[in-house]
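Me: Please take a close look at the disulfide bonding here, and set it in the context of how confident the prediction is. I would like one connected answer.

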Amino acid sequence: MKSFTHGLAALLASLALAACGGGDSNDGGNNPPPATASVTGHVVDMDSDQAVANATVTAGSASTKTANDGSFTLTGVAPAERVTVKVEATQHGANVAVVKLATGSTADIRVRLLKLAAPQTFSAAASAVIGNAAGTAQVELPAASLVDAETGAPAAGTVSVSVTPVDPARDPERMPGGYTTLQNGSVRAIESFGAVKVDLRDADGKRLNLKPGSQATVRIPLSTRSPNPPASVPLWHFDEASARWVQEGTATLSGTGANQYYEGTVTHFSYWNADQVAETVDLEGCVVTADGKPAANVLVSTSGVDYSGRSSAITDATGHFVVQVRKDSTTSVWAATDKLVTAIHEVTMGSENGAMTECMVLETATTGSKLAPKVTSNPRAQTVAIGETVMFYATIDGTQPMTYVWLRNGVEIAGSDSSFLWLPEVTLADNGAVYSLKGTNAAGSVTTTTAKLTVSATPIPPTLAWAPRDATVNAGETAVFTVGVTGSAPFTYQWKRNGQAIAGAASPSHAFTTVEGDDGALFSVTVSNAGGTLTTDAAKLTVIPAQSPPVITTQPQGIVVNVGSSAVFAVEAKGSAPLAYQWQRNGTDIAGASANVLTLAAVTAADNGAQFQVVVKNAKGSVTSAAATLTVNQASDDQQAKLLALMTAWLPGMEAAGAPLQFADDGFKVLAVDAVCGGGTAGITLDGGAAPAPGTTLPTGNHTLAAQFNACRTESTSLYTGSSSLAYSFADLAHRVGSAQSTVTDFRVTADDMNGDEKTNRVQGNAKVELDGSLNGTTETTKLRYLPANGLTVTDVATQSVSTFTGGNALMHTVTQGVEPAVQTLLIREEYAQLAFSRGGVNYVVDGFFQLDFGTQPGSLSGSGTVTISGNGQVIGRVRGTDGGLVVEIVNGGLLGSLPPAKPQSAKAVARSLAKAATRGR
């Protein structure tokens, strides 16, 4: 999703796109400052990738025009840490690139311009409603409300208006200004739910804006990769002086289906963005050349898979980088120069800092600096009732521009040119149809796996996707409670306060202005449709009185980081403004630490165990937060990675053992082959006979389900080849209770590791799998115990390293809540009972447990337990569960030397990948 730059200097800073705002470029007069740096580059159209000629490029007092091929050279630029380079062209929205310029240096950039929508006209003296046909991208203007943006003179005559959606979900780089803002002096990331560009001109082409005191209403089309867009969000405009987004106003989500939008009022025109501040964590990694040498000064870019946002960083002299991404999310990561690119890696982050498992490798691109398309999330199968509206969604990353088309049963659907597909009022004729998304760019094409649509003639009762959450606000602020459900539309909603129905509260969200008397009130909602009714648990509202001392609503959390990494602590508080913050280390004030976020750069071993707390004050009093512990992993990244690899050596075996259950859905109903394999083939037998018919429920009791796979690409994007047989005994399908004896024959599992790289393991042998669990509403508890038989082998195909298991077992225990795609992990527990295997002449034993409790509220992680890994009778290391995540301790690293080299990885990522593997293997 990243447009790559053309030279080393551009790798020193990420591109930030800016709004037109008001005002033309500054010609600087006759006495410009000394010319000590320059900027070169190209300007292209965002959608066609074609050169934009005669565009105006300015930086301070320097100005130039682009040539016919879109190229430019801008000299006389004053050096600075942040230099904004503004680009304007007719029929396009203005954008800004931000570069770092040292004396005598040259930055080379590539700026993409958003093509404006076709203008519409009206009289300046009249009111007007201008926008797209669906009414989702729209501006409503009062009569006689416009003035010349430069002079302030009232507008007269005919006015031309372009209202252009930005669509960050399709391509996050379409968003002007990047995704950052300043809060209390700290740079914060923001997550977008849509943006729009409003451009107004008079008959002479002069830019217009709202006159002082006037307001206009804007609608911003919903555009997000998040499954749960909020009911209301702040509005933001882009400030060219700081090259940051600035919050101004709020917007409310309205509309239905494909025609949802955020609506709010504005006092001037620019790019307007519906965003919320994102809680971020640090992702560490490294970039190397094809011969394994560190790659310095290389631009690393990220793009959210399940959220709309992007970020970037530059590698240091050792090829190392740290980039901020949204916590509890999945993001795509890649690196590029003007001639070299890496593959796109998919990384899942938890609630604290993490690291990639392997260095990204730069390789020569066959199409310049173009990244071939890669599927980062597949569409999911859905079951709905007749008459419902269905939405399929997938993400494909790669160099923009990217064209999309959806396929129904392999045939392209006309007009389906985005990553979303809306199917209104489905019928029984749609039952059984399969859908996939194809993405194409200059470097090639790729198609997702297929997702099957099941249409039922019986209404499906509501199922809770997410429930209302506790909220804390100041008196006079707006409290918002929301609910999400799946099932057959239409739904009816009735919100309740302390068990009593609230008149008129009949939508998926309930918002109101609070008073002190609302403190302690409980809010729940009853949702009904033709299939049934559900009532949520109550969420508690805490109201902080006006003129009250501060109250901490989110405590700082303990974290685990490696030596040399940064550590970030944050607090959220309510109370009478203004609030003042003072962070302390072991009870002593930290000079200059006076924001709600504390960042420690390059922690050392001496920081291990330090306690950090913050005192929050206002005119009415003060409060001190709980202390958060900083744990510093002191072992090398390579040692930590190797120890964690040993602890998880059994995972490919478990996935191979559970492979036949790919043919069973959550209700143990048999799936058709096309619902299992998005590519390749597979077949099953039951008790040695014919395959059960799709839609039938697997029988309880003692039976054998066998599967043969041939390059079958599953929904979780694993690739299976080989045979796996499960002799199972299921006594209770509803509660997921039973056991199975697995026989695996030359079974190859190719799956993304925690770095997003595909790894292939070959599994051979027998194992027993014990399954126990329950499903209570949308809360699912799963316990999987894996008992490999003596002699079972797992071979890393790339290195030919063989792990031969000799005894013991491993237990995976997970608790999740919600329905796809909004599933939240509440608990992960790993238990090892003398799990023994040999590799490279060393006899390893893994014993003990760790547990991570994530809770239902953000930032509520707690951990416990210790897993000990031994080799040839000596303790090699331990993995401990703590309130900051997993801590890796190396006791004797000598026995790790025989393992293949490993790269930095996040202990939390290991825990989450265990849960993901359990899902694939059950």
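Reply:
**Disulfides in a predicted model**

Confidence in the protein is lowest in helix α4 (residues 907-921), with a mean of 43, and highest in strand β45 (residues 492-497), at 96; the score is pLDDT, the predictor's confidence in each residue on a scale from 0 to 100. Helices (H or I, at least four residues) and strands (E, at least two) are DSSP runs, numbered from the N terminus. Over the protein, pLDDT averages 82, and 88% of the residues score at least 70. Residues 1-33 stay under a pLDDT of 50, and for them the model has 130 contacts beyond four places in sequence, where contact means heavy atoms within 4.5 Å. In residues 901-922 the pLDDT is likewise below 50, and this stretch has 87 contacts in the model beyond near neighbours in sequence.

This is a predicted model, in which local features need a pLDDT of at least 70 and side-chain atom pairs count only at pLDDT 80 or more, whereas totals for chains, interfaces and linings use all residues. Residues are numbered from 1 along each chain as its sequence is written, and side-chain values use heavy atoms, with hydrogens and water left out.

Turning to the cysteines, a search of the whole structure finds two disulfides, a disulfide being a pair of cysteine sulfur atoms within 2.5 Å. When the bonded cysteines are numbered in sequence order, their pairing reads 1-2, 3-4.

One disulfide is formed by cysteine 286 and cysteine 359, whose sulfur atoms are 1.9 Å apart. The torsion about its S-S bond is about -95°, so this disulfide is left-handed. Because cysteine 286 belongs to strand β21 (residues 280-288) and cysteine 359 to the loop between β28 (354-355) and β29 (360-361), the pair ties together parts that are 73 residues apart in sequence. Cysteine 286, at 9% relative accessibility, counts as buried, and so does cysteine 359, at 11%; here buried means under 20% relative accessible area, exposed over 50%, and partly exposed in between, for a 1.4 Å probe and protein chains only.

The other disulfide joins cysteine 677 to cysteine 712, at an S to S distance of 2.0 Å. With a torsion of about -105° about the S-S bond, the disulfide of cysteine 677 and cysteine 712 is left-handed. Cysteine 677 sits in the loop between α3 (673-676) and β61 (681-686), and cysteine 712 in strand β62 (residues 701-713), so the pair ties together parts that are 35 residues apart in sequence. Cysteine 677 is buried, with a relative accessible area of 8%, and cysteine 712 is buried too, with a value of 0%.

The nonpolar cores give some wider context. A nonpolar core is a set of buried Ala, Val, Leu, Ile, Met, Phe, Trp, Tyr and Cys residues joined through side-chain atoms within 4.5 Å. The largest one holds 65 residues, of which Trp650 and Phe709 touch the most other members. A second, separate core has 29 residues, among them Ala124, Leu141, Val196 and Val198. In soluble globular proteins, nonpolar side chains tend to be buried together.

Ala124 also appears in a local set of contacts: glycine 157, leaving aside its neighbours within four places in sequence, is in contact with Phe122, Ser123 and Ala124. Glycine 157 lies in the loop between β11 (146-148) and β12 (158-165) and is partly exposed, with a relative accessible area of 45%.
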